[in-house]
Amino acid sequence: MLRTSILFVALAILAPLITFIPRLLLPRSFTTTTFTTTFTTTMSPPAYSKELHVAQLAVQRAAILTKRVFHEKAKGTVDKNDKSPVTIGDFGAQALIIAALRHNFPDDAIVAEEEAAQLREDANLKATIWDLVRDTRLNDPDAEATLGGPVRDADHMLELLDQGNSPGGAQGRIWAIDPIDGTKGFLRGGQYAVCLGLMQDGDVKVGVLGCPNLPVDDQAPLTADIGSNQTDEGHGVLFSAVQGHGATSRALTAGALAESKPISMRSVDGSSLADATFCESVEAGHSAHGDQAAIAEKLGITKPSVRMDSQAKYGSIARGAGDIYLRLPVKATYQEKIWDHAAGDLIVREAGGQVTDIHGKRLDFSVGRTLANNKGVVAAPAASHPKVLSVVQEVLNAKL
Ligand SMILES: Nc1ncnc2c1ncn2[C@@H]1O[C@H](COP(=O)(O)O)[C@@H](OP(=O)(O)O)[C@H]1O
Ligand SMILES: [Mg+2]
Ligand SMILES: [Mg+2]
Ligand SMILES: [Mg+2]
């Protein structure tokens, strides 16, 4: 009897200590939900995991729509005020992505490239885009439910499209959407990308790029050619990155996410640049081909440049299919748009690259809808970036 009482008293004294000491020893990321009774622990989810998941599915769903338009002869092209083209694919993809973001993150701000004004004045255009948006869904019911299911009606589609009008800036959570980057490539039958990035206080935290016309194989040689059979199973890549967690690629699907693989840039240092592959825009109006050729020559690069539309360039160098991406300004007054770079900048840096402007400054996403504080883009493996940048400056200074 006495022994049992002593045991009870000892247990009463020890029990709180047994539950308290392990809490002191565990890192803060562990939550001790039912610790006192069962000693089981659960890890808190990695940073931005929900945002990443929603972004990946939203890009996949939008890419289903863009692929349908890509394979049609009539892509419903209209000219925007700045004379650049926009298609029914751009509008439809943007509406679908904003619908998914609004469903999951109703309080977040959105900076998106397109707006609904032209659709409000053109009933046929609105109806054509609505047909596409209404009929596009992921073939996995859980994945589709994650995105909130179909858009309600054509008028709601217009309201969604116009919700990408945030001025951007340095505060809070802001998504950047380029529903089709490389619209000119899209129209030509070349590369294009569906792009989505999340910024927190002006810093890119999540980046996702859907590239329907890139080969799935990370090792496939870098080429502007998308292959003779564009519906080929071997095409379509989804690149992703979360700040501090590396970059991945996976096959782009029409339903649930495929398995991912980590990606990294090739290790090219300043002394091995002769073997490097550099890529640049197809459009001569978007970057200075002549300056870029002079830089490549000074770096001792012998292979011709690979010309490719869209942020597929960022994805391609991030997975080591190419090495350097140069985007030197054609016009001193042009301001790059944040949606043209947010996702790609993070994916390249998380894959072991460095991305700066021609002055060596990191791209600054905190000053509005454009990269007003930057000029041009120089992206390269981190070890060779200083050398590439010094040659960029040498060539540009020689012109002054
Ligand atoms: N003068 C210019 N200089 C640099 N970029 C430009 C430009 N005019 C348009 N662009 C941008 O270049 C993007 C395409 O890049 P790339 O040449 O790498 O394919 C376009 O995106 P959209 O196609 O989304 O409009 C557009 O925003
Ligand atoms: Mg455009
Ligand atoms: Mg773009
Ligand atoms: Mg675009």
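**Group meeting: ligand 1, a helix pair and Thr-136**

Okay, let's start at the ligand: 18 residues surround ligand 1, and Gly-182, Thr-183, Ser-281, His-286 and Asp-309 come nearest. Being near here means that a residue's C-beta atom, placed from the backbone, lies within 6 Å of the molecule. Strand S6 (173-181) and helix H9 (183-188) are the elements giving two or more residues to that shell.

Quick housekeeping: residues count from 1 along each chain as its sequence is written, while chains are lettered from A and ligands numbered from 1 in the order written. This is a predicted model, so local features need pLDDT of at least 70, side-chain atom pairs count only at pLDDT 80 or more, and totals for chains, interfaces and linings use all residues.

So where does ligand 1 lie? Both domain 1 (49-263) and domain 2 (273-399) give residues to its shell, so it lies between them. Those bounds come from an automatic or database domain assignment.

Next, a helix pair. H4 (residues 88-104) packs on H8 (residues 154-161) at an angle of about 85°, with axes 8 Å apart. That makes H4 roughly perpendicular to H8, a label covering 65 to 115 degrees. H4 brings Phe-91, Gln-94, Ala-95, Ile-98, Ala-99 and Arg-102, and H8 brings Met-157, Leu-160 and Leu-161. Contact means C-beta atoms, placed from the backbone, within 7 Å.

Last stop: Thr-136, in the loop between helix H6 (123-135) and helix H7 (141-146). Buried or exposed? Thr-136 counts as buried, because it has 22 C-beta neighbours inside 10 Å, and the cut-off is 20 or more. Beyond four places in sequence, Thr-136 is in contact with Arg-61, Ile-64, Leu-65 and Leu-96.

Technical notes. Helix = DSSP H or I, 4+ residues; strand = E, 2+ residues; numbered from the N terminus. Axes fitted to C-alpha atoms, helices over the stretch in contact; angles between N-to-C directions. Parallel < 35°, antiparallel > 145°, perpendicular 65-115°, else oblique. Contact = placed C-beta atoms within 7 Å. Buried ≥ 20, exposed ≤ 12 C-beta atoms within 10 Å, placed from the backbone.
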